[in-house]
Every structure is written in C-alpha cells, then in structure tokens.
Amino acid sequence: MTVFYCTKCGTALTGDLVALPTVPDIGDSHDGRDDKTRRARSTVPRGYYVIDPDPWGAPFIPATASNSFARATGRELIRLAGLTPTVSAGSRDSIVVHPDDALPRLTAFTHGDNWAGCCGPTGAHGPNLACTCGSRLATWAADCLGPNELHLDPVRVYAWHGDGTTEDAPHDE
C-alpha cells in the first residue's frame, strides 16, 4: 500500500493505494461515459495508482510523424488552440490516480484557461488542483471530450509505502 504526500507541507493527498503495473487500456473513452456528467470512466480504478511513463499534459508541441500516436488511446487531451495537431511534451512519470481518491483533499485552482472545458476541466492548460498549502501539484482532466484521470506531479509529491519506506515519485531530471 502506498500513500502520496505533498512535498511542500507533508499533507496526505491520497489514502492507501495499490500499484498497477501499467496504465490500463481504456479503449473507447466514450464507452461507459456517465450520462449526467458526460465524464468518461476513470482510467485507473478506485484504490489504485499507476506511474505513467509517457509525457502527459502541458506544454504541447506540434505533432510530427516521429512523435504522433500510432492510434488514439482515448487518453489524449483535447486542445482547441489552432488547427495544428499537437502532442504532449509534459512531465513523464506522473502518478495517475482515480479522481475520487484525491479530490476530497485538493482545492480547485481556477486561473485563466486551466479549468476550461464545457463539462469539466480539460487538463490541457497545466495544474488545476492544489494542496491546502497552495502547492499546485495535480492536473485533473474530466471534460466530455477526453479522459477522466487525475495526474499528481512527480516533482511535487512523494510516496510512503506500507513497509515504512519513502521515496520521491519517479521523475525526469
């Protein structure tokens, strides 16, 4: 079991979570979408977390043949900035959790476009959730056109494991 904490103040951001070996394949993000909220089902089941090795979130760069996705995964973030296809150049190794495992402990940080979306935050404009101490450390994507997942910043959180060990979340340096 693992709990994630804010690096700045030490506040617990999640309860006990179990690691998944890989990011679950959600297939069609419209399958199982909630009729009322229009949100997709969460990428990660409740009570679990996964380290996403791929870049995720802002900033974005123009897509080329070498960095575009071979197929849509249902986890792409929708960006409405121009007509040029883009891909994420954001952090690798973010911690993906079920939104309900962290949202009660986080505060929405709505500034400018970082909460934009018709049915919820797109997640495409950077961190939109903060710890109670004010550290902007998570991005929630939950708009009707994209995935429903919450990413903890690998630099701004650390993990405590049930065996008593602690470690910084893995991240690129």
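**View 1. Strand β1 is mostly covered, with 5 of its 5 residues buried.** In this predicted model, the burial of β1 involves both of its faces: Thr2, Phe4 and Cys6 are buried on one side, and Val3 and Tyr5 are buried on the other. The strand pairs with β11 in the antiparallel sense, and 5 bridges connect β1 and β11. Within this pairing, Tyr5 has Tyr158 of β11 as its bridge partner.

**View 2. An open sheet of 7 strands shows mixed pairing.** Read across the sheet, the strand order is β2-β3-β6-β10-β9-β8-β7. The edge strands are β2, which spans residues 18–19, and β7, which spans residues 107–108, and each of these pairs on one side only. Strands of a sheet pair through backbone hydrogen bonds, in either a parallel or an antiparallel arrangement. For the close-up of β10 that follows, the pairings to keep in mind are those with β6, which runs antiparallel to β10, and with β9, which is also in the antiparallel sense.

**View 3. Strand β10 is covered on both faces.** Glu149 and His151 lie on one side of β10 and Leu150 and Leu152 on the other, and these four named residues are all buried. Strand β6 is joined to β10 by 3 bridges, and Val97 stands opposite Leu150 of β10. The pairing of β9 with β10 extends over 4 bridges, and here Leu152 in β10 is the bridge partner of Ala138. Which residues does Leu150 touch, when those up to four places away in sequence are not counted? The contacts of Leu150 are Ile95, Val96, Val97, Pro99, Ala102, Leu103, Leu106, Leu129, Ala138, Thr139 and Trp140, a list that includes Val97, the residue standing opposite Leu150.

**View 4. The largest nonpolar core contains 19 residues.** The residues with the most contacts inside this core are Phe4, Val97, Leu106, Leu137, Leu150 and Leu152. At least two residues of the core are supplied by each of β1 (2–6), β6 (94–97), β9, β10 and β11 (157–161), and β9 gives the most, with 3 residues. A second core, separate from this one, has 5 residues, among them Trp56, Leu77, Ala124 and Ala141.

**View 5. The second largest pocket has a volume of about 200 Å³.** Its lining is formed by 16 residues, of which Trp56, Ser91, Pro127, Thr139 and Asp153 are the closest to the centre of the pocket. The elements that give two or more residues to this lining are β9 (136–141) and β10 (149–152), and the largest share, 3 residues, comes from β9. Sorted by class, the lining of the pocket comprises 7 nonpolar, 8 polar and 1 charged residues. Two of the residues closest to the pocket centre, Trp56 and Thr139, also appear in earlier views, since Trp56 is included in the second core of 5 residues and Thr139 is among the residues touched by Leu150.

**View 6. The peptide bond joining Ala58 and Pro59 is cis.** Its omega angle is about 0°. Pro59 lies in the loop between β3, which covers residues 48–52, and β4, which covers residues 60–62.

**View 7. Arg38 and Asp93 are non-glycine residues with positive phi values.** For Arg38, phi is near 70°, and this residue is found in the loop between β2 and β3. For Asp93, phi is near 65°, and its place is in the loop between β5 (86–88) and β6. Are Arg38 and Asp93 buried or partly exposed? Arg38 counts as partly exposed because its relative accessibility is 42%, a value that falls between the 20% and 50% limits. Asp93, by contrast, counts as buried because its relative accessibility is 18%, which is under the 20% limit.

**View 8. Thr86 lies in strand β5.** With a relative accessible area of 30%, Thr86 is partly exposed. How many residues along the chain lie between the positions of Thr86 and Phe60, and what separates their C-alpha atoms? The two residues are 26 residues apart along the chain, and their C-alpha atoms are separated by 6.0 Å.

Key. Residues numbered from 1 in each chain as written. Predicted model: local features only at pLDDT ≥ 70, side-chain atom pairs only at ≥ 80, totals over all residues. Heavy atoms only, no water. 1 Å grid on protein atoms, 1.4 Å probe; cavity = no way out; pocket = protein on both sides within 12 Å on 5 of 7 lines; lining within 4 Å. Points joined across faces, edges and corners; volume = space filled by probe spheres on them. Nonpolar A, V, L, I, M, F, W, Y, C, P; charged D, E, K, R; others polar. Core = buried A, V, L, I, M, F, W, Y, C linked by side-chain atoms within 4.5 Å. Buried < 20%, exposed > 50% of the residue type's maximum accessible area, 1.4 Å probe, protein only. Contact = heavy atoms within 4.5 Å. Pairing = 2+ DSSP bridges.
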